[in-house]
Amino acid sequence: NLKTKGFDNLHISTTDVLEKGGLFNWLGLIKDLRNQRYDIIIDLSAVETFKAGIKRWLFIKLIGAKETIGRDTDGRGWAFTKKVKEELTSNEHEVERKINTARLAGADIKEYIPKIEVEESRESRMDDFLKSNGKIILGINVGAYRPSRRWPIQASSRTSSCCRSAR
C-alpha cells in the first residue's frame, strides 16, 4: 500500500485513449497531472522503441514528479530515476516484468500464480471442455497489439496444419 509509504495523492491513469486524441488531449492531460503535483510516477509498460522512449521522457518530465519508476527496456528508460533493466526480446514473461517494476516501487510480492478467471456459470462447462474425453487440445494465439508483432496468417495456418498432421 503506497499510502502507508507516505504517498497520499494516488491516481491511476492510462494514456492509451490519447493515441488518437492528438496534441490538445496530451497537453490537457499533462496540465491536469502537473497541477496534481505528484511525488511519484510508476510506469509498468515496456519502452519498446526509441520514439516511445523520447515521448515517455518528455511526458514524464512535463508532469514534474520527483521520483519516477519504470522499465529500462534495452536502455530506453531515460525518463526514470529508478529502473528495472530488461531486454525486449528476453524469455521473461510480461507479468514477471511488471512485478519486477512493482517490487522496485516497494510492493511486497513474494509469489504469484498466473490464473484465468472464469465465471462460475461457465466453470463446469470449461472443466468438461478441458477434459475433452482424451482429445488433445491445442491453443494458438496469433494476435498482438502491435501489427509488427503479429504472426503472418500463412505461418499460423502452416503451424495448425503441421499440428493436425503430427497427431
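Is Ser156 buried or exposed? Ser156 is buried, with a relative accessible area of 5%. Buried here means under 20% relative accessible area, exposed over 50%, and partly exposed in between (1.4 Å probe, protein chains only). Notes on the rest of the model follow.

1. Basis. This is a predicted model: local features need pLDDT of at least 70, side-chain atom pairs count only at pLDDT 80 or more, and totals for chains, interfaces and linings use all residues. Numbering starts from 1 along each chain as its sequence is written, and side-chain values use heavy atoms, with hydrogens and water left out.

2. Overall make-up. The protein chain has five helices and three strands. Their order from the N terminus is α-β-α-β-β-α-α-α. Helices (H or I, at least four residues) and strands (E, at least two) are DSSP runs, numbered from the N terminus.

3. Burial and surface. The protein chain has 167 residues, and 24% of them count as buried. Its accessible surface is about 13100 Å². Carbon and sulfur atoms hold 54% of that surface. The areas come from the Shrake-Rupley method with a 1.4 Å probe; for residues, only the protein chains shown count as cover.

4. Contact range. Take the contacts in the protein chain with a separation of 6 or more. Residues 24 or more positions apart account for 48% of them. A contact means heavy atoms within 4.5 Å.

5. The strands. S2 (residues 67-73) pairs with both S1 and S3. S1 (residues 40-42) and S2 are parallel, over three bridges. S2 and S3 (residues 82-86) also run parallel, joined by five bridges. Two strands pair if DSSP finds at least two bridges between them. For register, Ile42 stands opposite Ile69 in S2, and Gly70 stands opposite Lys83 in S3. S2 is mostly covered, with six of its seven residues buried.

6. The crossover. S1, helix H2 (residues 50-63) and S2 form a right-handed β-α-β unit. Right-handed is meant as follows: with the strands pointing away from the viewer, the path from the first strand over the helix to the second runs clockwise.

7. Helix H3. This helix spans residues 94-104, and its buried residues are Arg97, Ile99, Thr101 and Ala102. What covers these buried residues includes S2 and S3. Gly106 follows H3 and has a positive phi, near 110°.

8. Asp43. This residue sits in the loop between S1 and H2. Asp43 counts as buried because its relative accessibility is 13%. A polar atom of the Asp43 side chain lies 2.9 Å from the backbone nitrogen of Ser45. A polar contact is a pair of N or O atoms within 3.5 Å; within protein, one must be able to donate a hydrogen and the other to accept it, and residues adjacent in sequence count only if both atoms are side-chain atoms. Leaving out residues up to four places away in sequence, Asp43 touches Arg56, Ile69, Gly70, Arg71, Phe80 and Thr101. Of these, Thr101 is one of the buried residues of H3.

9. The aromatic pair. Rings of Phe, Tyr and Trp (its six-membered ring) pair if their centres lie within 6.5 Å; planes under 30 degrees apart count as stacked, over 60 as edge-to-face and the rest as tilted. By this rule the count is one aromatic pair. Phe50 and Trp78 form it, edge-to-face, at 5.3 Å centre to centre with 75° between the planes. Phe50 lies in helix H2 and Trp78 in the loop between S2 and S3, so the pair ties together parts 28 residues apart in sequence. Phe50 counts as exposed, at 53% relative accessibility. Trp78 is partly exposed, with a relative accessible area of 35%.

10. Positive phi outside glycine. Arg37 is not a glycine, yet its phi is positive, about 55°. It is found in the loop between helix H1 (22-36) and S1. Arg37 is exposed, with a relative accessible area of 69%. Asp74 is another residue other than glycine with a positive phi, near 50°. Asp74 is in the loop between S2 and S3. At 39% relative accessibility, Asp74 counts as partly exposed.

11. Back to Ser156. Ser156 lies in helix H5 (residues 153-166). Its C-alpha atom is separated by 8.0 Å from that of Ile140, and the two residues are 16 apart along the chain.
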